[in-house]
Amino acid sequence: MSKFKIILVSLGLLFIGIMLTFSSLTYEPELANHLPLPNYYQQKVLHRRDGIGKFYLGREIAQVMGHQEILWLERPTRQTEEQPNAVIDALNLKPNDRVADIGAGTGYFSFRIAQKVPQGQVLAVDIQPSMLDVIEFLSQENNINNVKPILGNETNPNLKNQTIDLALMVDAYHEFAYPREMMEEIVQALSPRGKLVLVEYRRENPFIPIKTLHKMTQRQVKKEMNAVGLQWIKTQDFLPQQHYFVFQKSETQG
Ligand SMILES: C[S@@+](CC[C@H](N)C(=O)[O-])C[C@H]1O[C@@H](n2cnc3c(N)ncnc32)[C@H](O)[C@@H]1O
């Protein structure tokens, strides 16, 4: 083979290699328009397809699951895949607890919790009005009066200070576009020594068939909760595919 051909073939292979390496990345220059961001965020133009190009403490934030996925959130196989009853049991709820289900979606967890807090209340927070419409509809349809839909925004769940005994986020935190601001507000909304429970698919396990950015490692979750002063209590892996984390508002946070 001539020298020229060898160079051409090598360049071709190099090109294919580069294409394969970046095939799961996408280029969205318009995202740079959101700058300037606080310095704990970085905006990158090269990023994963399931992300928004914005990074927090080394993690790329996932895209928000749209209202088109309502049926997926209510899929019957979720009972075995995510075992919601085991999650609810682990929460150890008291009948008069006030629980915020943040990133509530269709209220899959809100309604299950509502049964356990007959004298309490579930504040079902979401940023998509169409999700809250589903919650409103299901509340009326099933005569449930202790689930209150709350429209939040990307930086604020719109909860009153020191009113929540437990904040729960199931499969939601990884898609908060402003996780630091959201968490600071949530910490304020927790009552003194209030608890926060996070349920996230285990990113350590590559065989769990969920998009990468929709899973989180233990290490990353602890890092991000630590950044807002929450105290880690425990991580439990009793669910088939998800981590179950418990954090607490520390005494110094009021
Ligand atoms: C994957 S769904 C999970 C819904 C529900 N927790 C469940 O397990 O069925 C995530 C939800 O989080 C909501 N979400 C995303 N960012 C949010 C934010 N900053 N504040 C409140 N909700 C948010 C989305 O609109 C979506 O409904």
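A nonpolar core is a set of buried Ala, Val, Leu, Ile, Met, Phe, Trp, Tyr and Cys residues joined through C-beta atoms within 7 Å. The model used here is predicted.

**Exercise 1.** Find the size of the largest nonpolar core and the strand that gives the most to it.

*Solution.* Step 1: count the members. The largest nonpolar core has 47 residues. Step 2: look for the residues with the most contacts inside it. These are Ala100, Ile102, Val122, Ala167, Leu168, Met169 and Ile186. Step 3: turn to the strands. S9 (residues 164-170) gives the most, with 6 residues. Step 4: take Ala100 and set aside its neighbours within four places in sequence. Its contacts are then Leu123, Val125, Pro157, Leu159, Ile164, Ala167 and Ala189.

**Exercise 2.** Determine how the buried residues of helix H7 are arranged around its axis, and what they pack against.

*Solution.* Step 1: list the buried residues of H7 (residues 179-189). They are Pro179, Met182, Met183, Ile186, Val187 and Ala189. Step 2: look down the axis of H7. The buried residues fall within an arc of 160°, so they line one face of the helix. Step 3: identify the partners. The buried residues of H7 pack against strands S4 (51-56), S6 (98-102), S9 and S10 (190-202), and against helix H8 (218-226).

**Exercise 3.** Describe the shell around the ligand by residue and by class.

*Solution.* Step 1: count. The ligand is surrounded by 23 residues. Step 2: pick out the closest. They are Gly103, Gly105, Tyr108, Val170 and Ala172. Step 3: sort the shell. It holds 15 nonpolar, 4 polar and 4 charged residues. Step 4: assign elements. Helix H5 (108-116) and strand S7 (121-126) each supply at least two shell residues.

Definitions and conventions
Residues numbered from 1 in each chain as written. Predicted model: local features only at pLDDT ≥ 70, side-chain atom pairs only at ≥ 80, totals over all residues. Near = placed C-beta within 6 Å. Helix = DSSP H or I, 4+ residues; strand = E, 2+ residues; numbered from the N terminus. Nonpolar A, V, L, I, M, F, W, Y, C, P; charged D, E, K, R; others polar. Buried ≥ 20, exposed ≤ 12 C-beta atoms within 10 Å, placed from the backbone. Contact = placed C-beta atoms within 7 Å. Arc of directions from axis to C-beta.
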